[in-house]
Amino acid sequence: MQRSYALPLLITAILQWTAPLLPLFGLGETVGRRATGEGIPPEIPLGIFFSIWSVIFLAYLVFALLAVFKPTYLEQRLTPPLLIAGAGNVVWMLSAQFFGNDWVNFLLLMPILVFAWESAFRLHRMGGWDGTGRRFLAALLTGLLSGWIAVAISISVPGLVRDLRGLQETDQVWISLWAALVPAAILAWAFARYVSRGWWFYVAFSWGLTGVVLNNWLRTGTHLLAIAAAIAGLYILWRRLRTEPRPAFQ
């Protein structure tokens with residue numbers, strides 16, 4: 001394992017924990033506050049559902065420590081794409097906290113998605129989980145990261161639509177909701193078809209959709225939107241269960 005990759009991976013893992021703390025010291029504004037400062041949009045999950053990042057960051061940190069101190073071929077193969085995805089995530093957090101531009105944030109999510117999915121694809125090509133703790137950690141990390149980035153991209157699309165149409169967060173909420181659900185369905189299909197059979201992607205994906213449902217049921221009181229989001233999410237998962245995914249080049 002080349003230290004030139006492993007040490008930056010560990011530094012990135014630490015930065016992912018420290019970057020969200022900057023608003024506590026008056027540096028920037030929290031992502032959640034920026035997202036709901038002018039009203040609560042229908043596509044945003046309840047705040048507690050973003051706690052999945054703590055699981056992802058912890059798995060990333062443990063993986064980085066293994067890459068530095070006890071590297072194997074697994075860490076050697078997965079470190080390059082995870083390093084780029086993690087560094088991109090740090091840049092995204094800083095951009096969201098200091099600038100909060102929807103278009104810039106959306107574009108910054110793209111390389112994170114590409115390299116998170118690349119890490120999941122590499123793990124799939126290595127055989128996925130083989131019963132060992134290292135493989136379980138890798139499957140957890142790549143799957144949750146890939147799934148939650150897909151959620152992040154999906155819930156970012158409505159903001160772009162509103163910006164183009166000059167709408168506020170609470171205007172034409174049905175359009176905003178479907179502007180998130182349609183990309184979510186496409187990304188879920190693409191991951192199963194071209195990337196991996198891993199189930200952790202769908203754990204993160206389902207967690208995000210559940211947050212959207214509860215946001216509309218409990219926080220905004222738009223129960224019809226909550227029902228629509230639940231039906232769409234269940235349909236996506238049903239399609240995943242019904243259709244055997246066939247990653248490319250297998």
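Which residue forms a salt bridge with arginine 162, and how far apart are the closest N and O atoms? The legends below describe close-up views of a predicted model, beginning with that pair.

**Figure 1. Salt bridge between arginine 162 and glutamate 43.** Arginine 162 pairs with glutamate 43 in a salt bridge whose closest N and O atoms are 2.8 Å apart. The pair links distant parts of the chain, since arginine 162 belongs to helix 6 (residues 133-165) and glutamate 43 to the loop between helix 2 (31-36) and helix 3, with their positions 119 residues apart in sequence. Arginine 162 has a relative accessible area of 7% and is therefore buried, and glutamate 43, at 2% relative accessibility, also counts as buried. Side chains of opposite charge can pair when their charged atoms come close. Counted by the distance rule for such pairs, the model has four salt bridges, and two others are shown in the next two views.

**Figure 2. Salt bridge between arginine 134 and glutamate 75.** The side chains of arginine 134 and glutamate 75 meet with an N to O distance of 2.8 Å. Arginine 134 lies in helix 6 and glutamate 75 in helix 4, so this salt bridge ties together parts of the chain that are 59 residues apart in sequence. The two partners fall into separate accessibility classes: arginine 134, at 26% relative accessibility, counts as partly exposed, whereas glutamate 75, with a relative accessible area of 0%, is buried. Glutamate 75 also takes part in the contact between helix 3 and helix 4, which is the subject of Figure 4.

**Figure 3. Salt bridge between arginine 135 and aspartate 130.** In this pair the closest N and O atoms are 4.0 Å apart, and the pair counts as a salt bridge because the cut-off is a distance within 4 Å. Arginine 135 counts as buried, at 13% relative accessibility, while aspartate 130 is partly exposed, at 45%.

**Figure 4. Oblique packing of helix 3 against helix 4.** Two packed helices are described by the angle between their axes and the distance between the axes. For helix 3 (residues 52-69) and helix 4 (residues 73-98), the axes come within 11 Å and cross at roughly 135 degrees, which means that helix 3 is oblique to helix 4. The crossing of helix 3 past helix 4 is left-handed. On the side of helix 3 the contact is made by Trp53, Phe57, Tyr60, Phe63, Leu66 and Ala67, and on the side of helix 4 by Leu74, Glu75, Leu78, Thr79, Leu82, Leu83, Gly86, Asn89 and Met93. Sorted by class, the residues of this contact comprise eleven nonpolar, three polar and one charged.

**Figure 5. Roughly parallel packing of helix 7 and helix 9.** The axes of helix 7 (residues 173-194) and helix 9 (residues 223-242) come within 11 Å and cross at roughly 10 degrees, and the two helices are therefore roughly parallel to each other. Helix 7 contributes Val173, Trp174, Leu177, Trp178, Leu181, Ala185, Ala188 and Ala192 to the contact, and helix 9 contributes Leu224, Leu225, Ala228, Ala229, Ala232, Ile236 and Arg240. The residues of this contact divide into 14 nonpolar, no polar and one charged.

**Figure 6. Tryptophan 174 and alanine 192 in helix 7.** Tryptophan 174 is partly exposed, at 39% relative accessibility, and, leaving aside its neighbours within four places in sequence, is in contact with Leu224, Leu225 and Ala228. Alanine 192, by comparison, has a relative accessible area of 9% and is buried. The C-alpha atoms of alanine 192 and arginine 240 are 7.6 Å apart in space, although the two residues are 48 residues apart in sequence. Tryptophan 174 and leucine 109, 65 residues apart in sequence, have a C-alpha to C-alpha distance of 24 Å.

**Figure 7. Glutamate 169 and glutamine 172 in the loop between helix 6 and helix 7.** Glutamate 169 is buried, with a relative accessible area of 17%, whereas glutamine 172, at 38% relative accessibility, counts as partly exposed. Phi of glutamine 172 is near 45 degrees, a positive value in a residue other than glycine. Most residues other than glycine have a negative phi. Glutamate 169 and arginine 242 are 73 residues apart in sequence, and their C-alpha atoms are 36 Å apart in space.

How values were computed. Residues numbered from 1 in each chain as written. Predicted model: local features only at pLDDT ≥ 70, side-chain atom pairs only at ≥ 80, totals over all residues. Heavy atoms only, no water. Axes fitted to C-alpha atoms, helices over the stretch in contact; angles between N-to-C directions. Parallel < 35°, antiparallel > 145°, perpendicular 65-115°, else oblique. Left-handed = near helix turned anticlockwise from the far one by under 90°. Contact = heavy atoms within 4.5 Å. Nonpolar A, V, L, I, M, F, W, Y, C, P; charged D, E, K, R; others polar. Buried < 20%, exposed > 50% of the residue type's maximum accessible area, 1.4 Å probe, protein only.
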